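Let's take a walk through a protein chain together, one region at a time. Have the sequence and the 3D view ready, and turn the view as you read.

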Amino acid sequence: MSIEYDNEEFFKQYAEMPRSRDGLSAAGEWHQLKPLIPSLNGRAVLDLGCGYGWHCHYAAENGAKRVLGIDMSERMLAEAKSRTTDNSIIEYRLCGIEEYEYPESTWDFVISNLALHYIEDISSVFMNVYKTLRSDGVFLFNIEHPVFTAGVNEDWVYDKDGAPRFWPVDDYFMPGRRVTNFLGCSVVKYHHTLTQIISGLLNAGFTVDAVEEAEPPEEMMDIPGMKDELRRPMMLIVRAKK
Ligand SMILES: C[S@@+](CC[C@H](N)C(=O)[O-])C[C@H]1O[C@@H](n2cnc3c(N)ncnc32)[C@H](O)[C@@H]1O
């Protein structure tokens, strides 16, 4: 399967993003995601769509005994490997989230940050994650918010001077494929309604114990364009327990 993250131009643009240059501290959701991460001491951690491996590193630095990051982009994994010195704890594997084998009762914590909106059938992923978690295991993910993914272009409607007028929410109850523009490239994503996300987790057997809509932190408000991020949700963070 082809993936935009392996496209040279897209990969170059992605490398310029603050979160790629500076890691978790530059990610607008981190101040809300981090407090939801359970104690990782001695735990086994799986990262779905690990990218550069920031969350894998966080897990290893916080006592995880084994970390597996999977991703289907060779370039992203090459970047992750080049930034990883402790190979005895972190393993990276070229593998799609849909293709991973999800061995039964193997992981204590599964995290997925900004990757599940690339998956068409998230209900199956939820069932697989439930299966692969040990009892009392935790699943924490951050997915593009349904209000963000519903419309076609993932973009504002602008006024004649180029200022964002409003965020269009359209075709909300028509889940599925969207071709959007991200970093100057055509990118395929999948829109899932809030009901699909939450019901998918409940049907898989999870108890949902935290839901947050990511808002940029106060200290990022001076970054140009950041105030507009308070006008509509972009990311949905959910924690679910087995
Ligand atoms: C926005 S990046 C996030 C990376 C990382 N989780 C982070 O927060 O820094 C999305 C990642 O998901 C990966 N990805 C997209 N679709 C995937 C799939 N079907 N299976 C595995 N990885 C996928 C991409 O290659 C990319 O590395």
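How many nonpolar, polar and charged residues does the shell around the ligand have? In this predicted model, the shell is made up of 12 nonpolar residues, five polar ones and two charged ones. Among the 19 residues around the ligand, the ones that come nearest are Gly49, Gly51, Ser73, Asn113 and Tyr118. Try finding those five in the view before you move on.

Now zoom out to the whole chain. You should be able to pick out eight helices and 11 strands. Along the principal axes, the C-alpha atoms fill a box of roughly 55 × 40 × 40 Å. A compact globule of 242 residues would have a radius of gyration near 18 Å, and the chain agrees because its own value is 18 Å. Of the 242 residues, 37% are buried. The chain also brings distant parts of its sequence together: if you take the contacts between residues at least 6 apart in sequence, 63% of them join residues at least 24 apart.

Helix 4 is a good place to look at burial. This helix covers residues 54–61, and seven of its eight residues are buried, so it is largely enclosed by the rest of the structure. The buried ones are Trp54, His55, Cys56, His57, Tyr58, Ala59 and Ala60. What covers them? The cover includes strand 1 (44–48), strand 2 (66–71), strand 3 (90–94) and strand 4 (107–113). Just after helix 4 you meet glycine 63, which has a positive phi of about 95°.

Strand 2, one of the strands in that cover, contains arginine 66. Is arginine 66 buried or partly exposed? It has 18 C-beta neighbours inside 10 Å, while a buried residue needs 20 or more, so arginine 66 counts as partly exposed. Setting aside its neighbours within four places in sequence, arginine 66 is in contact with Ala44 and Ile89. Asparagine 87 is 21 residues away from arginine 66 in sequence, and their C-alpha atoms are 9.9 Å apart in space.

Next, look at the backbone angle phi. Most residues other than glycine have a negative phi. Leucine 114 has a positive phi, near 60°. You will find leucine 114 in the loop between strand 4 and helix 6, and it counts as partly exposed because it has 17 C-beta neighbours inside 10 Å. Glutamate 154 also has a positive phi, about 45°, although it is not a glycine. Glutamate 154 sits in the loop between helix 7 (146–149) and strand 6 (157–158). With 21 C-beta neighbours inside 10 Å, glutamate 154 counts as buried.

Our last stop is a pair of helices. Two packed helices are described by the angle between their axes and the distance between the axes. For helix 6 (residues 122–132) and helix 8 (residues 194–204), the axes come within 9 Å and cross at roughly 35°. The crossing is right-handed. On the helix 6 side, the contact is made by Ile122, Ser123, Phe126, Met127 and Tyr130, which meet Ile197, Gly200, Leu201, Asn203 and Ala204 of helix 8. By class, the residues of this contact are seven nonpolar, three polar and no charged.

Note on methods. Residues numbered from 1 in each chain as written. Predicted model: local features only at pLDDT ≥ 70, side-chain atom pairs only at ≥ 80, totals over all residues. Near = placed C-beta within 6 Å. Nonpolar A, V, L, I, M, F, W, Y, C, P; charged D, E, K, R; others polar. Axes fitted to C-alpha atoms, helices over the stretch in contact; angles between N-to-C directions. Helix = DSSP H or I, 4+ residues; strand = E, 2+ residues; numbered from the N terminus. Left-handed = near helix turned anticlockwise from the far one by under 90°. Contact = placed C-beta atoms within 7 Å. Rg over C-alpha atoms; globule rule 2.2 N^0.38 Å. Buried ≥ 20, exposed ≤ 12 C-beta atoms within 10 Å, placed from the backbone.
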